[in-house]
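Thanks for coming. I have a few slides' worth of material on one structure, and I will go through it piece by piece.

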Amino acid sequence: MKRKVLIITTLTILILPILTQTTNANTYFYELEGKQTNNISTQNYSIYTETTKSYLYENIDKTISRVEYIPHENKILIETYNNLYKLKSTKKLNCSLPIFGGFYSGMKYNFMVLGQLNLTENNTIPIFRIEKYSKDWKKLGVAELNNCNTIIPFDAGSCRMAEEDGILYIETCHGMYKSSDGCNHQANLGIEINIENMQIIYSRSNIEYIGTGYVTHSFNQFIQVENGYTYTVNHGDACPRSIVLIKRGKQAIWAKSYVDVLKIPGEIGDNNTGTSIGGFEISSNNCLIAGNSILKNTKILNRKYNRNIFLSIIPKGEMKEEKTNTIWLTNYTDKDRINTSTPHLVKINERCFAVMWEEYEENCTRVKIAIVDENGNKTKEVITLEAQLSDCKPIVNNNKLTWYVSINNKKVIMYAVDLNSDYIYEKDIIENNKLLIGDTNGDGKVDTKDARIILLFYVGKEQINLKNRNILDVNKDGKIDTKDAREILLYYVGKNKSFGD
């Protein structure tokens, strides 16, 4: 029996550097073997955003691929991990143009958007290049856009994509040719592409007005597509000066409808809006937009005010200001000395979403997760994690809310929050006197089988009901880990007469 304890102790030494479990949710931190970069908190912005450089997507076999643009190499890094977050493969792709716009994992293909400067206002050179790849990363086609009133692609904004019925939709931004007032203004830009032949079937790049979907300046862009309609969200500081949602048909010149979701006070064109947006999703009935703003407590656009997290709900069938419901998920004031980051918004299913943000307090950063329904109602209490976010939008993989952060070119951490666990949604309600402490498998005994289940759970190979965490956390340190397995073994061989000896 002593020999079995030694074997498990050796296993504990091997696995400790790989995985750590948090104490307040069924959440894991995995240190990855992949390339070390730096993307901490890069989802956060105060004035205007930048293009997203870090992505995760799920493959058909449930493995995860990491895609990240490496600026100093002008290359795309692609790493694939198995369901235990072990590195399976690595490759790099050379970028064919010097400016990275964005990546999109489509239903059948992967897409990359690249660009180049056009400071001489040359109408013949390609400014935007959209590349189509197979899922095993073989280049299959290219579309190019020139003569598009652009000197700087992706200027002071982002680039996001969606697809439906064989069409790829792109919502991005650009710095434009010099106008009659002698200025190079910035605005959003849209592209629609036939995926099969990679022909551009529609683009929108000229100076227009909101009725055509035009927003200037646009400091962040989002897009969703459903039933032949595109829904775009832009962060405008001038025309309009608001967070604006626009609905339009395929290749439509005119917008079907639009709504100022969050109006921003101040002078037209003042870049300081005290607001950012970080997520846009659609449900069966609604559009949901997540962001942060100082407008919860003040209309004075002074950056000293704390920003609070908001979630705006707009019915898809009635896109009107009076039907828009903006919910504030935080209520911090200057006295709290807590600020919030630009949030992520993740669609778990048609009626369930996760709003995720960082909170900064002195030298402390933590992550908050609010699980909400399609109407913005919090289904359970907000989760708090000792973690960080990045510009990698979390995905749902193997029923886990999953994202990664690369820290100061020193390590790469994958976070995974188990959505199977009731512990995420409700407090522990188990009555200890009905269950035997340490009886992991519920067979009425405490033995080596229970220790083995805890070890398998710790390395991610076993699911257990975390409603029973009070009987599994035998040493009462708030964690279920190898120490609990060791306590069970010592109890089994008679070295401890009770747990905690």
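**A helix pair and two strand pairings**

I'll start with the contact between two helices. On the H2 side, Thr 448, Asp 450, Ala 451, Ile 454, Leu 455 and Tyr 458 touch Thr 482, Asp 484, Ala 485, Ile 488, Leu 489 and Tyr 492 of H4. Sorted by class, that contact has eight nonpolar, two polar and two charged residues. Please keep in mind that this is a predicted model.

How do the axes of these two helices cross? Helix H2 covers residues 448–458 and helix H4 covers residues 482–492; their axes come within 9 Å and cross at roughly 170°. Angles over 145 degrees count as roughly antiparallel, so that is the relation between H2 and H4.

Next, the strands. Strands in a sheet pair through backbone hydrogen bonds, in either a parallel or an antiparallel way.

One open sheet here has four strands, in the order S20-S21-S22-S23, with antiparallel pairing. Strand S20 (275–282) and strand S23 (325–328) are its edges, each pairing on one side only. From one strand to the next, the twist averages 20°. Within this sheet, strand S21 (residues 286–293) and strand S22 (residues 308–315) run antiparallel and are joined by eight bridges. Cys 287, for example, has Ile 314 in S22 as its bridge partner.

The last item is strand S2, residues 27–31. Is S2 mostly covered or mostly open? Mostly covered: four of its five residues are buried. S2 pairs with strand S31 (residues 411–418) over five bridges, again in the antiparallel sense. There, Tyr 28 sits opposite Ala 416 of S31.

That's it from me.

How values were computed. Residues numbered from 1 in each chain as written. Predicted model: local features only at pLDDT ≥ 70, side-chain atom pairs only at ≥ 80, totals over all residues. Heavy atoms only, no water. Pairing = 2+ DSSP bridges. Axes fitted to C-alpha atoms, helices over the stretch in contact; angles between N-to-C directions. Buried < 20%, exposed > 50% of the residue type's maximum accessible area, 1.4 Å probe, protein only. Parallel < 35°, antiparallel > 145°, perpendicular 65-115°, else oblique. Contact = heavy atoms within 4.5 Å. Nonpolar A, V, L, I, M, F, W, Y, C, P; charged D, E, K, R; others polar.
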